Amino acid sequence: MGPLSDGSIVGYPTLYAAELEDRHTIATALLRFDRLGHFLDTLVVYENRHNQRSIKNGLAPGLEMYARPRIREQSLRRIVSGGLGVVIVHRPFSSDSAAAQYAVVRIKSPGHTLFARQFTYVPTPVGDARITAWIEEDTFDDQQYVVDRRAYIRELRRVYEVAPHFAPVTEVVGDTNGRTWIRREGRDGTVEWHALDGDGQVVDRICPPSALRLLSVDTQGGWFEERGQLDIPYLVRYDF
């Protein structure tokens with residue numbers, strides 16, 4: 001994941017696709033190493049949602065592939081700017097709009113929890129039309145292993161229907177002043193970035209255009225990636 005301010009490095013173990021097949025949860029450990037890669041300690045272990053599924057139908061005989069739906073429900077994790085700690089956002093899906101919650105946890109080395117807060121939100125359902133649009137976006141011309149397109153699409157629909165709602169938080173950024181910024185997407189398509197202080201309280205909000213990608217932020221403004229008509233990226237600065 002990256003270095004902390006004390007020079008240690010945070011990483012996590014990976015698993016083979018077959019180990020994850022059809023498992024609903026996995027134990028995720030964030031590990032700390034020294035500059036030479038020697039293991040120091042474990043920052044945190046948490047249960048993480050997982051939705052990888054095996055696909056065989058529609059493929060050439062003897063072939064198998066693994067796929068995840070476009071809607072991710074795994075927890076987000078990010079090193080805070082300057083290596084001041086780690087932020088984890090747990091974002092489980094909920095079919096009950098009155099009880100839908102996500103949690104933001106910030107940890108500093110060597111594993112002290114600065115804050116752990118839960119927030120309520122109104123979940124946005126993933127409609128059938130959106131699932132169909134995602135499937136139709138896939139390019140089948142270059143996928144020679146797909147021999148029965150209809151059967152393959154049925155399998156994709158089975159996978160994509162695992163997650164019924166959009167994730168409440170889609171990105172995390174830490175600013176140069178120790179605040180934690182989380183990206184919220186409303187039901188009307190608007191984007192809000194909420195800034196959390198050291199106690200996990202919301203102390204600021206910005207509402208940039210949804211097409212902008214936030215790269216870095218401070219108390220005066222933020223740096224964003226903006227793409228022009230030819231899909232050329234530009235680095236732009238917006239003052240608050």
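**A hairpin, two cores and a salt-bridge network**

Okay, let's start at the hairpin of strand 3 and strand 4, which has five residues between the strands: there, G37 takes a positive phi near 90°. When I say strand or helix, I mean a DSSP run, numbered from the N terminus: E over at least two residues for a strand, H or I over at least four for a helix.

Quick word on what you're looking at. This is a predicted model, so local features need pLDDT of at least 70 and side-chain atom pairs count only at pLDDT 80 or more, while totals for chains, interfaces and linings use all residues. Residues are numbered from 1 along each chain as its sequence is written, and side-chain values use heavy atoms, with hydrogens and water left out.

Overall, the protein has three helices and 17 strands. Of its 240 residues, 43% are buried; buried means under 20% relative accessible area, exposed means over 50%, and partly exposed is in between, with a 1.4 Å probe and protein chains only.

Back to that hairpin, and the sheet it belongs to. Four strands form an open sheet in the order 1-2-3-4, with antiparallel pairing. Strand 1 (2–3) and strand 4 stand at the edges with a single partner strand each, so one side of each has no neighbour in the sheet. For two strands to count as paired, DSSP has to find at least two bridges between them. Strand 3 and strand 4 (residues 39–49) are joined by nine bridges, and R32 has D41 in strand 4 as its bridge partner. On the other side, strand 2 (residues 9–11) and strand 3 (residues 25–33) pair over three bridges. Within that pairing, I9 is matched with F33, and G11 stands opposite L31.

Step off strand 2 and you hit Y12, in the loop that leads to helix 1 (17–20). What does Y12 contact, leaving aside its neighbours within four places in sequence? M1, A29, L30 and R77, where contact means heavy atoms within 4.5 Å. Y12 and L30 are 18 residues apart in sequence, yet their C-alpha atoms are 4.9 Å apart in space. Y12 is partly exposed, at 37% relative accessible area.

Now the inside. Nonpolar side chains tend to be buried together in soluble globular proteins. A nonpolar core here is a set of buried Ala, Val, Leu, Ile, Met, Phe, Trp, Tyr and Cys residues joined through side-chain atoms within 4.5 Å. The largest one has 14 residues, and those with the most contacts inside it are V87, V89, Y102, V104, V169, V172 and I182. Strand 8 (86–90), strand 9 (101–108), strand 10 (112–120) and strand 11 (169–174) each give two or more residues to this core. Take V89: beyond its neighbours within four places in sequence, it is in contact with S75, L76, Y102, A103, V104, V169, V172 and I182. Apart from that core lies another, of twelve residues, including I135, Y152, L156 and V159.

Just ahead of strand 8, S81 sits in the loop that follows strand 7 (76–79). Buried or exposed, or partly exposed, is S81? Partly exposed, with a relative accessible area of 30%. Leaving aside its neighbours within four places in sequence, S81 touches G174, D175 and T176.

Last stop: charges. A salt bridge here is a side-chain nitrogen of Lys or Arg within 4 Å of a carboxyl oxygen of Asp or Glu, and the whole structure has eleven of them. Which residues make up a linked network? R213, E225, R227 and D231. R213 pairs with E225, the closest N and O atoms being 3.7 Å apart. R213 lies in strand 15 (residues 213–217) and E225 in strand 16, so this pair ties together parts that are twelve residues apart in sequence. E225 also meets R227, at 3.4 Å from N to O, and R227 in turn bridges to D231 at 3.6 Å. E225 counts as buried at 19% relative accessibility, whereas R227 is partly exposed at 44%. R213 is partly exposed too, with a relative accessible area of 44%.

And D231 has a twist of its own: it has a positive phi of about 65° although it is not a glycine. D231 lies in the loop between strand 16 and strand 17 (233–239).
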